[in-house]
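Subject: Structure for your review

Dear colleague,

Please find below the structure that I am handing over to you. I would be grateful if you would read the notes after it with the structure open beside you.

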Amino acid sequence: MRKKGTRASEAENKKRQRISYVIMLVTMALVLIAGGLISWNWFVVKDLYTAFVINFIGMSFLIAAGLGFCVFFLYLITIIVFKNPQRIKRSSVAKFAVGGIFTFLIAIFLFFFGTTEAIKSIKDLKDYSNAEWQVKDLVVTDVNRGSPSYKIIFIETAEGEMVLHWERFRIQEGQSYRFTYLEATKTIINVEMTTE
């Protein structure tokens, strides 16, 4: 009887191990695809519409990878809390349960964040296709260029933080510019100098 029970538990452990490996492999594949798309977008793409589409797809894969990591940990925590095959103390199981709740909350946040960003990106893609963008004269309060190889620039204005994919001329803090941008994601399509 003991041998059958031992074999059954070994088979269950191998099955759990295979499931956790599959979840981790899928998650790592999502990370690699997202990293490749985002890097390609930064260094190769020079068309703004293509940059929108690739950025949208890359960020979707990245958020899916984050959800995959959460699923991986939730799967393992669920086994420990409900099955407890290693017969861990109850106090340790309670700690895992708290970690599971925390991981679940992160997964919910990632899901809603990803959904919101996807809706914004889709709206901007439609607006860009239909030439429905905003044009405003705004004063630049802060410019964050990042590293020299990083093309994307974050510009702070009265409308909030805006994203510029390519800087055709050097944008200065404290200067006023005419920005043509998409409303949902605040992505800048064009920047012009304004005469005061």
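The notes below describe aromatic pairs, surface patches and salt bridges in turn.

Please bear in mind throughout that this is a predicted model.

Aromatic pairs

A pair of aromatic rings is described by the distance of the centres and the angle of the planes. A search of the whole structure gives 5 aromatic pairs. One of them joins Phe 109 and Phe 113, whose rings are stacked, with 6.0 Å from centre to centre and 20° between the planes. The angle counts as stacked because it is under 30 degrees. Both Phe 109 and Phe 113 belong to helix 3, which covers residues 90-129, and they are 4 residues apart, about one turn of the helix. Phe 109 is exposed, at a relative accessible area of 55%, while Phe 113 is partly exposed at 36%.

Phe 111 and Phe 112 also form an aromatic pair, and this one is edge-to-face: the centres are 5.5 Å apart and the planes make an angle of 75°. That label applies because the angle is over 60 degrees. Phe 111 is partly exposed, with 47% relative accessibility, and Phe 112 is exposed, with 52%.

Surface patches

Phe 111 and Phe 112 appear again in a nonpolar surface patch of about 620 Å², together with Ile 101, Phe 104, Leu 105 and Ile 108. Within this patch, Ile 101 is located in helix 3 and is exposed, at 55% relative accessibility.

A negative surface patch is made up of Asp 142, Glu 156, Glu 161 and Glu 173. Glu 161 sits in strand 4, residues 160-164, and is partly exposed at 47% relative accessibility.

In the loop between strand 4 and strand 5 (176-181) you will find Trp 166, which is partly exposed at 25%. Its C-alpha atom is 6.4 Å from that of Ile 152, a residue 14 positions away along the chain.

Salt bridges

Side chains of opposite charge can pair when their charged atoms come close. The count for this structure is 6 salt bridges, and three examples follow.

In one of them, Asp 127 pairs with Lys 123, and the closest N and O atoms are 2.8 Å apart. How far apart are Asp 127 and Lys 123 in helix 3? They are 4 residues apart, so about one helical turn separates them. Asp 127 is buried, with a relative accessible area of 9%, whereas Lys 123 is partly exposed at 41%.

Another salt bridge links Asp 137 with Arg 178, and here the closest N and O atoms are 2.8 Å apart. Asp 137 is in strand 1 (residues 134-139) and Arg 178 is in strand 5, so this pair ties together parts that are 41 residues apart in sequence. Asp 137 is partly exposed, at 43% relative accessibility, and Arg 178 is partly exposed at 30%.

Lys 186 and Glu 183 form a further salt bridge, with 3.3 Å between the closest N and O atoms. Is Lys 186 buried or partly exposed? Lys 186 counts as buried, because its relative accessibility of 15% is under the 20% limit. Its partner Glu 183 is partly exposed, with a relative accessible area of 33%.

Yours sincerely,

A colleague

Definitions and conventions
Residues numbered from 1 in each chain as written. Predicted model: local features only at pLDDT ≥ 70, side-chain atom pairs only at ≥ 80, totals over all residues. Heavy atoms only, no water. Phe/Tyr/Trp six-rings, centres within 6.5 Å; stacked < 30°, edge-to-face > 60°. Helix = DSSP H or I, 4+ residues; strand = E, 2+ residues; numbered from the N terminus. Buried < 20%, exposed > 50% of the residue type's maximum accessible area, 1.4 Å probe, protein only. Patch = residues over 30% accessible without salt bridge, like charges linked within 9 Å, V, L, I, M, F, W, Y side chains within 5 Å. Areas by Shrake-Rupley, 256 points an atom, 1.4 Å probe, with all protein chains shown as cover. Salt bridge = Lys/Arg side-chain N within 4 Å of Asp/Glu carboxyl O. Lys, Arg positive; Asp, Glu negative; His and termini not counted. Charge placed at Lys NZ, Arg CZ, Asp CG, Glu CD.
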